[in-house]
Structure formats: structure tokens, C-alpha cells
Amino acid sequence: MRSHNIIDDRFKQHYYRVHVMGDAPLHTDIQPKEFWSAKMTECFVNSLDVYPGYWRRLVANCPFHGHDFANNKFSDTDKGRASRLIFLGIIKFYPVTHLDKQSDEESSVSFPIVSTVKGINYTLVPPSVLLITSNPVIKKFNDLQQTARFLAGLNMGQTRLNELSTTMGIIATIPEPIKQIRGIEAKVKRKQKPAAITPQIAAMAQKLEDRQFFLLEQQPESKPLRKDQEDLPVEEYTPKPYTLGPHEEPGYVPPSAVTDSQALKAENEAEKGKESDEKRKQNDEEEEKFVNNTSFKTQHEAAEDVSRKINSKSVSENREYGGMIYQNEDGTYSYTDPIKGSVDGVNPGGPSAVPKGKKPVAYYHTHGGDDPAYDNENFSKVYDPIDKEWYGDIPYADSNKIDGYLATPKGKFKYYSYKNNQVELIGDL
Amino acid sequence: MSDEKYLDYEKLKTFRTDTTISGHYLKIWNVYLQYAEKTGSSIDIDNYLINFSENNDEYVIFFKKPVTQKIVGGGHGVCRINKKTLSIVECKFIK
């Protein structure tokens, strides 16, 4: 199902992203659809496929409700007021071309992905994808040379190159601008000696440079960020000498993965048949695996580090993530891997989730996306008259006698002290 | 009913029995429904147990989302409706 702010015409030929003045800015160069007359606007509005009450809701959410403009060419209905706001440019429609001629039932459009050795994935997307992507991170290049060098450095096979070229529509256009492509290739080669910069790669670089396509960046969650190395293409990466891990040293005894009580619990659950094997496998995959052997001087620093790493993913997926902060024997602090929760809750694991011998001091969690139905920016607390109990973030901290951390959709980082029963804004992530 | 990670579907089922409710509370429920429609609420009401109560000034609708684990947040909600004006005083869900 499409997002509620993506609508299509009645014949599902064209899709549009609706943007109301005051909404978060869109990260795209695409120009909104233009309307030159009231008649044209009304015809366009009539052609759209929307659910009953859509125009009323759209106008109600708009900072200007369309009542106060002295333009009587539009009818005094919700649709008429919406048409007026569209005509005035207060509500805009951006064409989402990559969805055109696709019905909701069809599988969503997919775009080719390329990877670097660092594990960063780049998805090659047209500009209209940026209209429907939350907080897109785009790979930026200074000039054509850098773009071509980057693409060449990815060491893609010919099949993958052809796949990307086809997506960019380059195969059909090669005969026409072949001289121009050769020129780009020569220009790039004059200044450096990269891996093979073929005409195909040069043409792809030109498309990226012309902003006809973008590389959407996705940081790996499975590895900590390395501050000492840039995001280098394959041939520029120099691996460090291999050293033995603790599990490979003589005399190493692997720790038991689960305690007896946990194993018994898992066995009981299997007997009850509450979850199918597939569902359990899916849940396992949902847990974020960080290589987390870093320790921090304070619990604030540990919580901030993991919250910064996971919050953007939480927002884009509209899913909560959470885990535990614990104190090591040497007085430093670390955190457990983030666990993926649901839209409105997450089980961070509780004190029993921290490694043996460590002291649980706090939990951390994110709040997912900015859903208007929820109180997104605050620690939660609500009294349940059915069970006569308090529920939410604050009661969870109080009952476990640990502090709490919250990363909000707007990037605020908050702290709850169970001892003082106070919430403190630490800052922005 | 949507598939949610922590939702206690068994508990939700146990409340689906013959029941009697005041028509007046259904009238109050209608106030919430209109509000939810107007604001485009994304709440899936199938996942909730609903409790009606009232004090001197307000009707209170409590939305409880039964869960199988102890979690932070939880998705519970409270909607307070003014008795005289039947207008929404506060309506929020927690996460």
C-alpha cells in the first residue's frame, strides 16, 4: 500500500507526492506540477483517485484553510477549497515518476544496489525516489572526476554495470553522445590513473553529475564506524594484518549462549507452538547486531553513541529500537545490541539482558517515526484503569530501578533519572 | 487485525464475548471515532481493549493494548471528552 501522501489519477497512470506548505522540505530537485488556470486545477483534482473525506482532511491540515482568499472561481466545497490552495501553490503535487503505471497490487519498484568493502550500500535511484524517502542520505561528489573514479573503484562486474546502465537508460543513448562520452573519459584520465574508466562508467558518472540519478547511501549497522578511513572503493582499501581473535587462542572456552532458564523457556515456547519457525527466524533477523566492544566513560556517552547509530533507521522504518546500558567492572559503560520492536513499543531486555557480572544502569530506546497519533517526543506514562497499573517508559524505568534514554523522531536525546524522577533534555543527536 | 510483535492475541480473544454496554457510552465512542477520522489516526482499533469511565467533568476512554512481554511504550491511549460540550479535551497514545 502506498503512503497516504502519495496519490494517483483514476487510471493509475501517474503518481504524485502531496506536499503542504509547512511540511518538512522535500529533498529533491523535481519541480511541482504547475497550474495555469482554475479550470485546469479543478480538472486535475477531479482526475485524482482519493478516498472519501480526503480533501476535507487535506484542507484541515493546511495552515490556510482556503476560506480567506478572494477568488470565487472555485466552489465552496472541500474539493473546491483544496483546488484553490493547489492553484495558489500552498498545496503542491510532485510527480513520482518511478511509480507511474504501477498499481498498488504490483510489487514495489526495485533499484540496483552496489556495495563497498566497508559494507555501505548504495541504491541507484531516480530523483523521484527522494520524494518518498524519509531523511535520504545521498552520496555527494565534488566533480565528474571523483564520480567516475568512485564508480570505477567499485569493481562491478559487466552484468552489474549493464544493470545500472539499463536503469539509467544509457544503453539506448550511447550511439548519440559517444563523442561526448569519450571526451569525459579522456578528461578524467588526464588527471589520474584510476581503474578502468570505460565509456559506460563515464556516461553513468555524467548522469549522476547531472542529477538525473542519485546514489542513496545506507550505512551498515553490523559494524562500528571507523573514523580513520574514508569510504574507499575496493582497490583503495588496505586491510590491516590479521590477528587472532579471543575465540581462536589456545585454551579458549566458549561461553554458553543461553542460561538454563532461558533454554527451558525457549523449549516451553516451542512446545506451545505459539510461534512458527519462520516467525522466530524473522524475529532473530530483526535484531540489530552491532560489534560492540567499545566502552565509554559515562552512561550518557554510551547511550548517545548507540542512539545516534540507530535513530535514523528507527525513524525511516517507523519501528522502535531498544537495549540496555551497563557498567563494566572497570567503571566504564557499554550497551547491548539494539533490539527491533514494534511501531509503539520495544522490549529492551531488562536487567537480565546485560552480560553476566555487569551492572545494569539504564535502558535506551528510540520512538520510530513521527506519527501524529502518538506522543512521539516524550517519555511515556499512562495509568491503566483495567489492570490498575502504570505503563510506559517511565514506569518501566521505575519498576526496574534503572534510568532511561530516549531518542525522538525529531532527533532530541532525553534522559530520565529514576532516582530523581526527572526528565532532562541532553541535546540533539 | 494487524500482526504485531508483542501483542497478546489470546487475551484480545478472551474479551470477545457477549457483552452489554450503555448506549450513552456508544454515543461517546462516536465522538472519538469522528475525531480519529478527522485527524487521520493510524491507530488500529482491533488491537485494543477499550474501557469507559467518567468523573465529574469528563468521559475517559482508555485504550489498552495487551502485550506478551514487559515493554517500554506499549501503544496504550487515553481520550478525555468534555461532558458538557462533548468535545475532545485530550487524546494521546503512548509509545
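1. Two strands pair if DSSP finds at least two bridges between them. In this predicted model, strand 11 of chain A meets that condition with strand 3 (residues 72-73) of chain B: the two run antiparallel and share two bridges. Within this pairing, A:V346 lies opposite B:V72.

2. The contact between the chains involves 32 residues of chain A and 29 residues of chain B. On the chain A side, the elements giving two or more residues are helix 2 (54-61), strand 11 (345-346), strand 12 (359-366), strand 13 (382-384) and helix 11 (393-400). By residue type, the chain A side splits into 12 nonpolar, 13 polar and seven charged residues.

3. Helix 11 of chain A deserves a separate look. Its buried residues include A:D393, A:I394, A:P395, A:Y396 and A:A397. What covers the buried residues of this helix? From chain A, the cover includes strand 12, strand 14 (389-391), strand 15 (403-407) and strand 16 (412-417), and strand 3 of chain B is also part of it. Strand 3 of chain B is also the strand that pairs with strand 11 of chain A. After helix 11 comes A:K401, which has a positive phi, near 55 degrees.

4. On chain A as a whole, the secondary structure consists of 11 helices and 17 strands. The chain has 429 residues, of which 31% are buried. Of its contacts with a separation of 6 or more, 67% join residues 24 or more positions apart.

5. The largest nonpolar core contains 40 residues, and A:I201 and A:M204 have the most contacts inside it. Helix 7 (residues 199-209) of chain A supplies the largest share of this core, six residues. Domain 1 (6-99) and domain 2 (113-218) of chain A each give the core at least three residues. As background, nonpolar side chains in soluble globular proteins tend to be buried together.

6. Which residues does A:M204 touch, leaving aside neighbours within four places in sequence? They are A:L151, A:L164, A:S165, A:M168 and A:I170. A second core, separate from the one above, has 32 residues, among them A:Y326, A:V346, A:V354 and A:I394. Two of these names have come up already: A:V346 stands opposite B:V72, and A:I394 is among the buried residues of helix 11.

7. Why is A:F150 classed as buried? The cut-off is 20 or more other C-beta atoms within 10 Å, and A:F150 counts as buried because it has 21 such neighbours. A:F150 sits in helix 4 (residues 144-153) of chain A. Its C-alpha atom is 9.8 Å from that of A:I201, although the two residues are 51 residues apart along the chain.

8. Chain B has a hairpin of its own. Strand 1 (residues 49-54) and strand 2 (residues 58-64) of chain B pair in the antiparallel sense over six bridges, with three residues between the two strands. One of the bridges joins B:F52 to B:I61 in strand 2.

9. Some parts of chain A call for caution. The average pLDDT of the chain is 76, and 70% of the residues score at least 70. Over residues 172-176 pLDDT stays under 50, and the model has one contact there beyond four places in sequence. Residues 222-259 also stay under 50, with 30 contacts beyond four places in sequence. Where pLDDT is low, the predicted coordinates should not be read in detail.

Terms used. Residues are numbered from 1 along each chain as its sequence is written. Chains are lettered from A and ligands numbered from 1 in the order in which they are written. This is a predicted model: local features need pLDDT of at least 70, side-chain atom pairs count only at pLDDT 80 or more; totals for chains, interfaces and linings use all residues. Helices (H or I, at least four residues) and strands (E, at least two) are DSSP runs, numbered from the N terminus. A residue is buried if 20 or more other C-beta atoms lie within 10 Å of its own, exposed if 12 or fewer, and partly exposed in between; C-beta atoms are placed from the backbone. Two residues are in contact if their C-beta atoms, placed from the backbone, lie within 7 Å. Ala, Val, Leu, Ile, Met, Phe, Trp, Tyr, Cys and Pro count as nonpolar, Asp, Glu, Lys and Arg as charged, and the others, Gly among them, as polar. pLDDT is the predictor's confidence in each residue, from 0 to 100. A nonpolar core is a set of buried Ala, Val, Leu, Ile, Met, Phe, Trp, Tyr and Cys residues joined through C-beta atoms within 7 Å. Domain bounds come from an automatic or database domain assignment.
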